[in-house]
Each structure stands twice: as C-alpha cells, then as structure tokens.
There are 2 protein chains.
Amino acid sequence: MKPVVALAGGVGAARFLDGLARVMGDPERLYVVGNTGDDAVIHGLHISPDLDTVMYMLGGVADPERGWGVRGDTFHCLEALGRLGAETWFQLGDRDLATHLRRTEGLRKGLTLAQVTAEITASLGVRPALVPMSNERVRTIVQTPAGELEFQRYFVARRARDRVLGVRFDGAKRAKPSPGVLDAVAEAEAIVVCPSNPFISIDPILAIPGVRRALRRRRDRVAAVSPIVGGHAIKGPAARMMKSQGIRPAAVEVARRYADFVGVFILDEVDRRQCAAVGQLGIRPAVTNTIMRGEPERIALARTVMGELGLTP
Amino acid sequence: MKPVVALAGGVGAARFLDGLARVMGDPERLYVVGNTGDDAVIHGLHISPDLDTVMYMLGGVADPERGWGVRGDTFHCLEALGRLGAETWFQLGDRDLATHLRRTEGLRKGLTLAQVTAEITASLGVRPALVPMSNERVRTIVQTPAGELEFQRYFVARRARDRVLGVRFDGAKRAKPSPGVLDAVAEAEAIVVCPSNPFISIDPILAIPGVRRALRRRRDRVAAVSPIVGGHAIKGPAARMMKSQGIRPAAVEVARRYADFVGVFILDEVDRRQCAAVGQLGIRPAVTNTIMRGEPERIALARTVMGELGLTP
C-alpha cells in the first residue's frame, strides 16, 4: 500500500494527524516526517519536542489541555532540579522524562534518532510511522534584535516575545533526510503539509537537501492546510513572525511560500475571499473549517483533505 | 579546626552520621569519605547510591521508611520507563532523578565526582563535607556461584540472594583518593568507621591506594562501630556474606579485619562477651547500645563514640 506522507511540526500537526489517523482505515499507511530543528539538549538529555508532541498524541497519552507533554504528568523532578540550582524554564514532566532518557541512552549507544524514535513509538503503540526529518543534528536559530537565539530559548525561555528578523537552520546543508523519507515522498499516494508554522516547523524539513525537490516532483499530490486563519495563527507565533519579516499575515502568503511544491491549499471559511489569490499562484484552493476544537472537527478536516486528494479511507 | 573524618557506606552510615552531625557543635568539621564502589550507570545516568543516601539524610530529605531515596518521592518516570521497555529493577524516584541528572551533566561537562558532589550537597544545605572516596571509577564486583556480578545487579536486581564467594574492586589499584582525603586523615582529630558492611562499603574505600596506610598511622585516633549485632547485620547482607566466605558472623570478626588501623571498637551490649577477644587483637573495646531505632539512639551512640575518642561536642 502506498504511503500517505505528512510533514509535521508540533501541536497543530499533532491534532490534524490525530484526525487523519482516525479517518484512515489503515493508519500504518501514514508516514509522518517530523521537524527536529527544535531539538535541544537540556539537563544532558536529548529532547525532540515536535516528535514527542506528535507521538504522545498518536499514542493516546497527550495532555489535552496543554498541547504538549503527557496527560496528568507531574513535575517533581523539575522542582527538585530547581532546588539543585538548575535552569527550569523548560517544562519537563516526570513521565515525559522517560522518553528523553530512553532517547538519550539510545543515541549514546549508537542508534540513530530514527531508530530510537521507532522504538519509542512502538512501545507507545503508535501505529503510523514517525520519522525525524534527519538523523543529523539541525538547529533552528532565530535571528532577533537581541541576537541569534537557539529555538527553545526563543520559544520557551523568552516566550517567543522577540521580534523575528529571520530564521536559519544550522547544520541543514550537511544533513541528509532520514533513510526512507525521499522514497516515501516519491511513492506516496498523497502528501500533506500539516497546519504548522511555516518558518520554524515546515521550513526546517524543506531545508534538508533533496526534500523540497522531491516534493516538487509530486506537486499535484501535495496538499497544505493553512496554519493562518483570519490573519492569526491558531497557536504559536506564526502570524507575528510573518509581520516582523514584512509579510502580510494571511493564508495566501503561506500558499505563496509553498507554491513550488503544493498543488492544493486548504483555507478556512473565514479566508474564502483569498481563494482567487491562491488560484493565481497556480494552486487549487479548497475551503473548509480548519479550526479543530475537538475530535469531530479533526475528523471532518481530515475527511476534507483526503477528499481533495482523492484518497479513500 | 581539625576535621573529624568518617568512612561511610549507605543506610547504617547515614543514620549514624545524622546523630554525629546533630551532636557536633560544628558539623562543618565533619568530613565524610563515601563509598562509590556501588556506583552504576542506569538509563545513562551516573548513580552514586551511597553518596545519595548520606546526602539525603544530612540534607534532611531522606525517606525515613525506606532508608534510601527522597521522602515522599513518586515513581512516575520509572513507571513510564517500564512502559518504554526499560529495565526497572533499580528504583529511581522522580525527585531523586534530579540528583542523577545534575551529577551526570556535571561529569559530562568535565567536573570531577568530588566537585559535582560538593555542588549538590551545597544546594541541599548539607553542612558536613561529603567526599567520594575517589574521582576515578571503581566498581565493586561480587563473585558468586552464578559468576561475577556488578554490585547493583547483585544487590538490587538479584536482591543479594547469591552466595558471595568474594568481592573485588575493579579499577581500585589505578584510582587515587579524592583530593584532600589523605590530608584529612592525617590531620583528623578523630576518625570513625561507620557501622557499614565491611566487604562492600568499607573495603572499597580501603582499597584505594594510600588510604589504609594513612589510617594505620592514626590508629590510636580511629574508632569503628560494629555493623554486626548479635550475629546479625542491622541491615543488608553483611552477616550472610561473612558466613558464605567462611567467617563467623560476629562483631569480633569485623574488628579482626580492621585490627591494623582501628584503635577503638564499639560493640553492642548484646555482644559484651566479645570484649576480651577484641582486646586480644590489641583494640580497646567499648560497649553501648548500637541499634539506632530513632533519633535519641543515634544521638546517644554518637555521644558515646565521641566520648571514646575524647572529642568535645
């Protein structure tokens, strides 16, 4: 069975993928390429926030309120770390820590990030494949008036308050896509760009040599869901990042960034008037409700996307 | 002020040292040399069980029931590790984990074990100095009919049930005492061997080159508290280890092992009849209640030991 490939960031992607996995009769067919530009080493542990957000959601253990971490988790270790003088701006739950310990130990033993991720997702009972964009270290660096900031420092420690002048992906040029990623894109029945931040969730994946070119070859099978609705991001700093880089925060501007490799662009109903502008980019627009308040909306959005790509559940 | 040096293993030592620190007017004078032969790397973390037991007790956060770990700790991370397929025979509390994370990160950054221990104990408000016997890695290996076992595997995973044929200390010959240890012994006003297992808590310290010789030079200032009372160990496998090695499980046999460097040997009242045999070893015997059910007994025992060594509180 040909795979359905998804490019994914964190919370928005996880919610959308939850719907997609529920709608697909065969969730094993889903092949998720996860952003790892946000990865950080904290307290000596290798943390992959976007992979974790997706795997906790697909494993049914995600915290529904926060959007990150494990449901009902406690923070006793973090509190104790604080008493020992450690920085505690990065929230690490006690159950969540187990993932980071396993990952770090696996990497230290010589496994690749893809191998470790496969082991952890299997233990969590995640049925779709979750593959990091690369086994190599790629670091998203946010350029701000205060200087260059590692992503987690910008996003968590400084609460994404700095004005973003640009983003770069340290190590991306030397990195290779994880084994299987380019083949999956080439063979995919369809490819979905999840409703994730273009600059910090999707761009890092596109920055890995060969990925964007592979997507361009499949342009007519690629759909993207807009992360911008009514000029705002559903979650996170995407709209502010657009403004601070001189880009109008509008769905069509996301479509413009993806125009070389996306054939279908899904906008929210409130942005219906941007359909013509999307069409002028040579992209077929499709309109639906993209705001996923709960499971019914996730499932409805997934059905629409599958319909637009001619996929049968 | 001249130091009072203590050689310490785990739970028995921690309880005794708690009494000693309470009785001494100036607990900063107490200089504890801790066994690290039990150290293990578990889930990629450097764990020093004996140092932790002593520091949690002296920092006032020890669990009074279990004897190890942090009071009221939870085990959510360990449970999650189990779900991820990790071995979970080594009990790691969530708050306890913070200590191991800090230690591991400090060591990886190039700090010595002594430096990391000093940082952690300072954060916990521990007033005595706690110094690992060596900054080098020394591994206690227990020889059993089932083969050689790393200490924690023998002690925790297999519950100390194997017959012990012998114990060796891998790496001890190449190790050096931590900086300051030999000077502290040479300058000490008095030295106490805590009521710890001779084979697996005190012998590793004595195996570090130079330590036993330094103690011999101060023999008239060294007191040991018997860990064997009425033919049994208060806690742990000491008595069984004696039997399986063909040694009678009696306080006097512990005294015999220490005879070259101990001048005063403190026996429990139930072992009063062994005083003559201890005296025949050229060691001055002293009798008191050595069973520390609670704080009053710890304090009374500490007062007796200080009195026998002519120390003023």
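In this predicted model, Ile141(B) stands opposite Glu150(B) of strand β7(B), and the pairing to which this belongs joins β6 (residues 139-144) of chain B to β7(B) in the antiparallel sense over four bridges. These strands are part of an open sheet of three strands in chain B, in the order β7-β6-β8 and with antiparallel pairing. Because β7 (147-150) and β8 (166-170) of chain B have a single partner strand each, they stand at the edges, and one side of each is left without a neighbour in the sheet. From one strand to the next the twist averages 30 degrees.

Helix α8(B) packs on this sheet, where it touches β6 and β8 of chain B, and its direction makes about 35 degrees with that of β8(B). The helix, residues 198-206 of chain B, is mostly covered, since nine of its nine residues are buried; among them are Pro198(B), Phe199(B), Ile202(B), Asp203(B) and Leu206(B).

A second packing arrangement in chain B involves helix α1 (residues 11-23) and helix α13 (residues 295-308), whose axes lie 8 Å apart at an angle of about 70 degrees; the two helices are therefore roughly perpendicular to each other. On the side of α1(B), the contact includes Arg15(B), Phe16(B) and Leu20(B), while α13(B) contributes residues including Arg298(B), Leu301(B) and Met306(B).

Chain B also meets chain A, with 23 residues of chain B in contact with 23 residues of chain A. The elements that give two or more residues to the chain B side are α3 (76-83), α4 (94-108) and α5 (113-123) of chain B, and α4(B) gives the most, with 10 residues. The table sets out the residue classes of the two contact regions in chain B.

| Contact region | Nonpolar | Polar | Charged |
|---|---|---|---|
| Side of chain B that touches chain A | nine residues | eight residues | six residues |
| Contact of α1(B) with α13(B) | seven residues | one residue | five residues |

In chain A, Ser196(A) is found in the loop between β9 (190-193) and α8 (198-206) of that chain. Is this loop residue buried or exposed? Ser196(A) counts as buried, because it has 30 C-beta neighbours inside 10 Å. Leaving aside neighbours within four places in sequence, Ser196(A) is in contact with Ala8(A), Gly9(A), Gly10(A), Gly12(A) and Ala13(A), and also with Ser201(A), Ile202(A) and Pro227(A). The C-alpha atoms of Ser196(A) and Met24(A), which are 172 residues apart along the chain, are separated by 21 Å.

Definitions and conventions
Residues are numbered from 1 along each chain as its sequence is written. Chains are lettered from A and ligands numbered from 1 in the order in which they are written. This is a predicted model: local features need pLDDT of at least 70, side-chain atom pairs count only at pLDDT 80 or more; totals for chains, interfaces and linings use all residues. Two residues are in contact if their C-beta atoms, placed from the backbone, lie within 7 Å. Ala, Val, Leu, Ile, Met, Phe, Trp, Tyr, Cys and Pro count as nonpolar, Asp, Glu, Lys and Arg as charged, and the others, Gly among them, as polar. Axes are lines fitted to C-alpha atoms, for helices over the stretch in contact, and angles run from 0 to 180 degrees between N-to-C directions. Angles under 35 degrees count as roughly parallel, over 145 as roughly antiparallel, 65 to 115 as roughly perpendicular and the rest as oblique. A residue is buried if 20 or more other C-beta atoms lie within 10 Å of its own, exposed if 12 or fewer, and partly exposed in between; C-beta atoms are placed from the backbone. Two strands pair if DSSP finds at least two bridges between them.
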